[in-house]
Amino acid sequence: MERYAEALRCYLKDQDVLSEFEYPVNLGKLLSGYSGIEVQGAGPQQDYGIQEKLLKVRMLSSHLINEDCLIFAFFGPHRKRFAAKIKEGKQYVFRNCTIVVEETCDLSWLAAIPMGLCVLENCQIYKVQDYMFRAYHKIPLKLEYAIPWAVGAGSRLVMFLVRMGLGNSIRAISSSQYCWQSQRYAMDRSRTVAANENVLTIQWENGEIQTHADYMMGNVFLRAFLEDLGLQPQYESHLNLFTISQLLKSLNQQAIVLPVRMELSGKGEVQFEGNPGTPPTHFRVCKNGIPQGEVIKRSDSVILEQE
Amino acid sequence: MTPLEAKRNFEHDQELLELLPYPGELTQSVEGYEEIVIEGPGASSGKETSKLLKCRKFGSHLNNDDCLLFAFSDFSRKLLYEQFKKKNPYIFRNCVLLLEETSDLDWLVAVTMGWIQLEDCQIYKVQDFDFRSRSDLPVQENFAIPGAVPEVSRLFVLLLRMGLLNRLTEVNQMPDSTKLEIDDPENVSLSSDAGFSEVFKRSDLTDYLILQELKKEYASTVSLNSSLEKFSNSDCLKGLGISQVELPAKL
């Protein structure tokens, strides 16, 4: 609930800036000259040996040097990350990038530019709607520009691309399982774990893997999500050694909920039903503000892999 | 600004504040200026020479050339955006900006967005004396500006703190009383023995009285120009319903 309140604060605070940005109409044109897309989560990238020229899609502050990238900026401590790099004598650079900001992303990172905390050259900035935030606060939304939430940064980028009609162009995903945190636990077992970090150890026949619970959840989500959409990009993770069911068991979770088809490919407006101030459980598509057709339950798309 | 907002701004903007220097010897930054005038909102000294430094509150005037600007408390980037939308953007040229650590630095977004012109300006930070005292944070007196009641007297205190009071020749306070409504509790109707009657903001009256006290306390020869001059101090005190104003402890 705290996250919804923070999202509302950012959304209201940044209305002036948001009103200056357009919604993206055709991001597909960015693919001209590329044979597909590589979604790059945080951390070292996997070399899949793909020879084609791929458009890199990233989150705002996941990589230091960003040239010719499509960037999706959503919730995250972006300005703090920019400042941390400056202290190390490094600087975030964005050149010839298309940056799409989610309306609930704190835009105070834009104040970092005149202070020299990052370089922004020849970039286009667009905005998109935050699906779950609007649903929670019962704010009307346009499905064409509304991105549903997902678990983990990598899967959020995939969700964004699917919503923008670019899902079928994804050729490779190098996502959060390679990020610095899981690397840190793999390499430095002696490190003290902070009380708020939920690090789990999973046993398997050749040993054990330590990772954050949210990365496990991210892996489960991404695998189920890709399967549900029938997408087969290059995507490898040490967590792929385990079945979705095994991971869910370690996480003490019964099931995960994927976005329904309407959230991913529908057009037009949506009206939410359910209790005000709670995450949406039902919605209906509207035409000129009038609800049409049947009530759609979000829980219709629960995925649970059985043994 | 509430103490909570001050705390939020201070914590939120730490990474930006860390990059800004304290003004140090501010006298060096304003070396070429022989004279300083304070211009409150809507006020102008009418003088224009290259040797004159205008001391203003950030956001109180649209065109700012050769100014010493103090950004504190209630400034919002919304003002910058509104003016940009009216195709009449704020301009800051050859200015020295002093940002109080508890002011909201989100206005810097306006620079990135192209809503304002910021040319050849030096930016420094200063400490918020009252906030630091309240929060038990260490204070460096050279850079800590005590809270004075609003606007113009705050600028006087800033110059005093920065060691520039000896160059101050004029203080101009011209509160706009034209659109004020008497039934607003923030406003006061003032009547003089000479038969004048006007509505003013309470805060402007307090500001005026404090300026006079400051002038007296620091034996300043500054010329104090105010649209409140036609009222006596006792008219103002009566309007506010108080018997006297008190200055903060030794500034």
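This note sets out points on chains A and B of a predicted model.

1. Overall form of chain B. The radius of gyration of chain B is 18 Å, and this agrees with the value near 18 Å that a compact globule of 251 residues would have. The C-alpha trace of chain B spans about 55 × 45 × 40 Å along its principal axes. Nine helices and 13 strands make up the secondary structure elements of chain B.

2. Interior and contacts of chain B. Of the 251 residues in chain B, 50% are buried. When contacts between residues at least 6 apart in sequence are considered in chain B, 66% of them join residues at least 24 apart.

3. Surface and charge of chain B. The exposed area of chain B is about 11,700 Å², of which carbon and sulfur atoms supply 48%. Chain B carries 27 positive and 41 negative charges, and the mean positions of these two sets lie 2 Å apart.

4. Helix α3 of chain A. This helix comprises residues 78-87, and His78(A), Arg79(A), Phe82(A) and Ala83(A) are buried in it. These four residues lie on the same side of α3(A), because they cover an arc of only 135 degrees around the axis. An α-helix has 3.6 residues a turn, so residues three or four places apart point the same way. The cover over the buried residues of α3(A) comes from both chains: it includes β2 (54-59), β5 (92-95) and β7 (118-121) of chain A, together with α1 (3-12) and α2 (14-17) of chain B. Just after α3(A), Gly89(A) adopts a positive phi of about 80 degrees.

5. Helix α4 of chain B. In this helix, residues 77-85, the buried residues are Arg77(B), Leu80(B), Tyr81(B) and Gln83(B). They are placed on the same side of α4(B), because the arc they cover around the axis is only 165 degrees. Both chains again contribute to the cover, which includes α1 (2-13) and α2 of chain A as well as α5 (108-112) of chain B. Just after α4(B), Lys87(B) has a positive phi of about 60 degrees.

6. Asn122(A). The reviewer may wish to look at the backbone here, where phi is near 55 degrees, a positive value in a residue other than glycine. Asn122(A) is found in the loop between β7 and β8 (124-130) of chain A. Is Asn122(A) buried or exposed? Its relative accessible area is 63%, above the 50% cut-off, so Asn122(A) is exposed.

7. Asp66(B). A positive phi, near 55 degrees, also occurs at Asp66(B), a residue other than glycine. Asp66(B) belongs to the loop between β3 (63-65) and β4 (67-71) of chain B. With a relative accessible area of 22%, Asp66(B) is partly exposed, since buried means under 20%.

8. Ser35(A). The loop between α2 (15-18) and β1 (36-40) of chain A holds Ser35(A). Ser35(A) is partly exposed, its relative accessible area being 39%. Which residues does Ser35(A) touch, not counting those up to four places away in sequence? They are Glu52(A), Lys53(A), Leu54(A) and Arg171(A). The C-alpha atom of Ser35(A) is separated by 29 Å from that of Lys142(A), which is 107 residues away along the chain.

Notes: Residues are numbered from 1 along each chain as its sequence is written. Chains are lettered from A and ligands numbered from 1 in the order in which they are written. This is a predicted model: local features need pLDDT of at least 70, side-chain atom pairs count only at pLDDT 80 or more; totals for chains, interfaces and linings use all residues. Side-chain values use heavy atoms; hydrogens and water are left out. Buried means under 20% relative accessible area, exposed over 50%, partly exposed in between (1.4 Å probe, protein chains only). Helices (H or I, at least four residues) and strands (E, at least two) are DSSP runs, numbered from the N terminus. The arc is that of the directions from the helix axis to the C-beta atoms. Contact means heavy atoms within 4.5 Å. The radius of gyration is taken over C-alpha atoms; the globule rule is 2.2 Å times the number of residues to the power 0.38. Accessible areas come from the Shrake-Rupley method with a 1.4 Å probe; for residues, only the protein chains shown count as cover. Lys and Arg count as positive and Asp and Glu as negative; His and the chain ends are not counted. The place of a charge is taken as NZ of Lys, CZ of Arg, CG of Asp or CD of Glu.
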